[in-house]
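Student: I would like to go through the labels used for this model and see what stands behind each of them. Can we take them one at a time?

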Amino acid sequence: QGRGLDDISSRITARVSSSGCLADIPEDLDEFSALLLQDGCGDDGVFDLHDGCVEALAEAAGAGWRLGVLSINWCPQLIDYVLLGPLRDRGAAGRQGDDAVPVWSNR
């Protein structure tokens, strides 16, 4: 069981992960971004966060809060593309791949 997950979340995450349905999603953020744009998903607001979300999280991180992401619906690459990338742009999420913001999700 993943740290921070309850039993139901752990079972769902394990089931999706073991199915392999997310296996062909590129790990490289540039390749993932290109895939989204190729399919027309990354440029029309499909993955927009609520206004002020990134700013509020960046401010919390700047105030010393430890951030983490728990997601049943999004894979790590999508979380990185939509949330962690903008947080990194504001200096609030470390560097890509350094686990400064832990992510628990389907793989």
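**Labels and the values behind them**

Tutor: R90 has a relative accessibility of 44% and counts as partly exposed. Keep in mind that this is a predicted model.

Student: Why is R90 called partly exposed?

Tutor: Buried means under 20% relative accessible area and exposed means over 50%. The value for R90 is 44%, so R90 is partly exposed.

Student: What makes R90 and E55 a salt bridge?

Tutor: The closest N and O atoms of R90 and E55 are 3.1 Å apart. The cut-off for a side-chain nitrogen of Arg and a carboxyl oxygen of Glu is within 4 Å, so the pair qualifies. Side chains of opposite charge can pair when their charged atoms come close.

Student: What does the pair of R90 and E55 tie together?

Tutor: R90 lies in the loop between helix 4 (76–89) and strand 2 (103–104), and E55 lies in helix 3 (residues 53–62), so the salt bridge ties together parts that are 35 residues apart in sequence.

Student: Is E55 buried, partly exposed or exposed, and how do you know?

Tutor: E55 has a relative accessible area of 41%. That value is not under 20% and not over 50%, so E55 is partly exposed. The C-alpha atoms of E55 and L87 are separated by 8.0 Å, with their positions 32 residues apart along the chain.

Student: How many salt bridges does the whole structure hold?

Tutor: A search of the whole structure finds two. One of them joins the side chains of R88 and D80, at 2.9 Å from N to O. This distance is within 4 Å, so the R88 and D80 pair also meets the definition. Both R88 and D80 are buried.

Student: How many disulfides are there, and what would make a pair count as one?

Tutor: The search finds zero disulfides. A pair would need its cysteine sulfur atoms within 2.5 Å.

Student: Which label does C75 get, and which does C53 get?

Tutor: C75 is at 7% relative accessibility, which is under 20%, so C75 counts as buried. C53 has 26%, which falls between the two cut-offs, so C53 is partly exposed.

Student: What lines the second largest pocket?

Tutor: C75 is one of the lining residues, and the others include F32, L35, L36, W74 and N106. The pocket holds about 150 Å³ of space. Helix 2 (residues 29–38) gives the largest share of the lining, three residues. By class, the lining has nine nonpolar residues, two polar and no charged.

Definitions and conventions. Residues are numbered from 1 along each chain as its sequence is written. This is a predicted model: local features need pLDDT of at least 70, side-chain atom pairs count only at pLDDT 80 or more; totals for chains, interfaces and linings use all residues. Side-chain values use heavy atoms; hydrogens and water are left out. Buried means under 20% relative accessible area, exposed over 50%, partly exposed in between (1.4 Å probe, protein chains only). On a 1 Å grid over the protein atoms alone, a cavity is a set of points where a 1.4 Å probe fits but cannot get out, and a pocket is an open set with protein on both sides within 12 Å along at least five of seven lines; lining residues have an atom within 4 Å of a point. Grid points are joined across faces, edges and corners, and a volume is the space filled by probe spheres set on the points. Helices (H or I, at least four residues) and strands (E, at least two) are DSSP runs, numbered from the N terminus. Ala, Val, Leu, Ile, Met, Phe, Trp, Tyr, Cys and Pro count as nonpolar, Asp, Glu, Lys and Arg as charged, and the others, Gly among them, as polar.
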